[in-house]
Amino acid sequence: MSKLSQLVKVLVASTLGLSVLASMPAAKAGVSIVPTTEGEIKLLNNGDCLSLAPCIDTTSLGYTVTSLSYNQNNKTYSPSLLFSDDISTENTWGFGIKFDLPDAGTNPLTGINTFRPVMIKNGKPDENGQLEVGHFLFDFMGKTINEVTLDFHDVEVSGFSGILKVNGNPFSQLLGEGPNNSVQTLVLKDVKSFEVQLGKVGSPFPTGDGVDLNVEKVPEPTTTASLGLLAMTGMFGLRKQKNVTKIS
Ligand SMILES: [Ca+2]
Ligand SMILES: [Ca+2]
Ligand SMILES: [Ca+2]
Ligand SMILES: [Ca+2]
């Protein structure tokens, strides 16, 4: 190979590299509120953590989490536990909870921690703690957050995962099903608190549809007096356009 064609090859390669960089989405302005260390989120209603995982008190991060019971399949299920988890590490947290590597069904992006619910059935974690289903109230402790972005990882059943309330008011925005390990996003404005439901128990999967969550906030206080709510959903990838909904 001549030196010239080698040079051309290098140039082509670096041009490709640049175009890949240029097509990457711009970094989000928000900052993740998920604790950066793995462990169990200390829930307001439990008073303390139940597993042997590091117990994470989120009040220093500016929010509290309450786990709520929920109805599905004509049954009421007990409040789930919640963890901060890096999917690329295996964890044995006691209380019957073992996060395998890889998870049998729900594998969010690596390199970030996500909120990972653990469904409780008959007093015990279902699927050894690997069924990611729950209903949680996040409260920003009296502060209004200008914009909150919720990334739902691996929603595969329509009509269960999404937002149920914002600032104490019913505000149902449930997501449609997406492909395996896809991410769908909801954006909320002027948020003091929100209730989120993750996943579904049982059918059409043997144990259920597990869903993990990332939450990012833009912390500037709102300057508008009115309580405007804006929600946008979008799926990264093929169905991006199809799934965009706007509510004002
Ligand atoms: Ca892990
Ligand atoms: Ca999946
Ligand atoms: Ca799972
Ligand atoms: Ca799933």
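**Exercise 1.** In this predicted model, find which residues F194 touches, leaving out those up to four places away in sequence.

*Solution.* Start from F194 and discard residues up to four places away in sequence; what remains is F138, V148, I163, K165, V166 and L188. Next, take F138 from that list and look at the strand pairing: F138 has F194 in β18 as its bridge partner. The strands concerned, β13 and β18, run antiparallel and are joined by six bridges.

**Exercise 2.** Determine which residue of β4 stands opposite F138, and place β13 in its sheet.

*Solution.* V65 is the residue opposite F138 in β13. β4 pairs with β13 through four bridges, in the antiparallel sense. The open sheet has five strands, ordered β4-β13-β18-β15-β16, and its pairing is antiparallel. Its edges are β4 (64–67) and β16 (169–174), each of which pairs on one side only. From one strand to the next, the twist averages 20 degrees.

**Exercise 3.** Explain why β13 is largely enclosed by the rest of the structure.

*Solution.* Count the buried residues, taking as buried a residue with 20 or more other C-beta atoms within 10 Å of its own. Five of the six residues of β13 are buried, so the strand is largely enclosed.

**Exercise 4.** Describe the largest nonpolar core and identify which strand gives the most to it.

*Solution.* The core has 38 residues, and F194 is among those with the most contacts inside it, as are V148 and L188. Strands that each supply at least two residues include β13 (134–139), β15 (162–166) and β18 (193–198). β14 gives the most, with four residues.

Notes: Residues numbered from 1 in each chain as written. Chains lettered and ligands numbered in written order. Predicted model: local features only at pLDDT ≥ 70, side-chain atom pairs only at ≥ 80, totals over all residues. Core = buried A, V, L, I, M, F, W, Y, C linked by C-beta atoms within 7 Å. Buried ≥ 20, exposed ≤ 12 C-beta atoms within 10 Å, placed from the backbone. Contact = placed C-beta atoms within 7 Å. Pairing = 2+ DSSP bridges. Axes fitted to C-alpha atoms, helices over the stretch in contact; angles between N-to-C directions.
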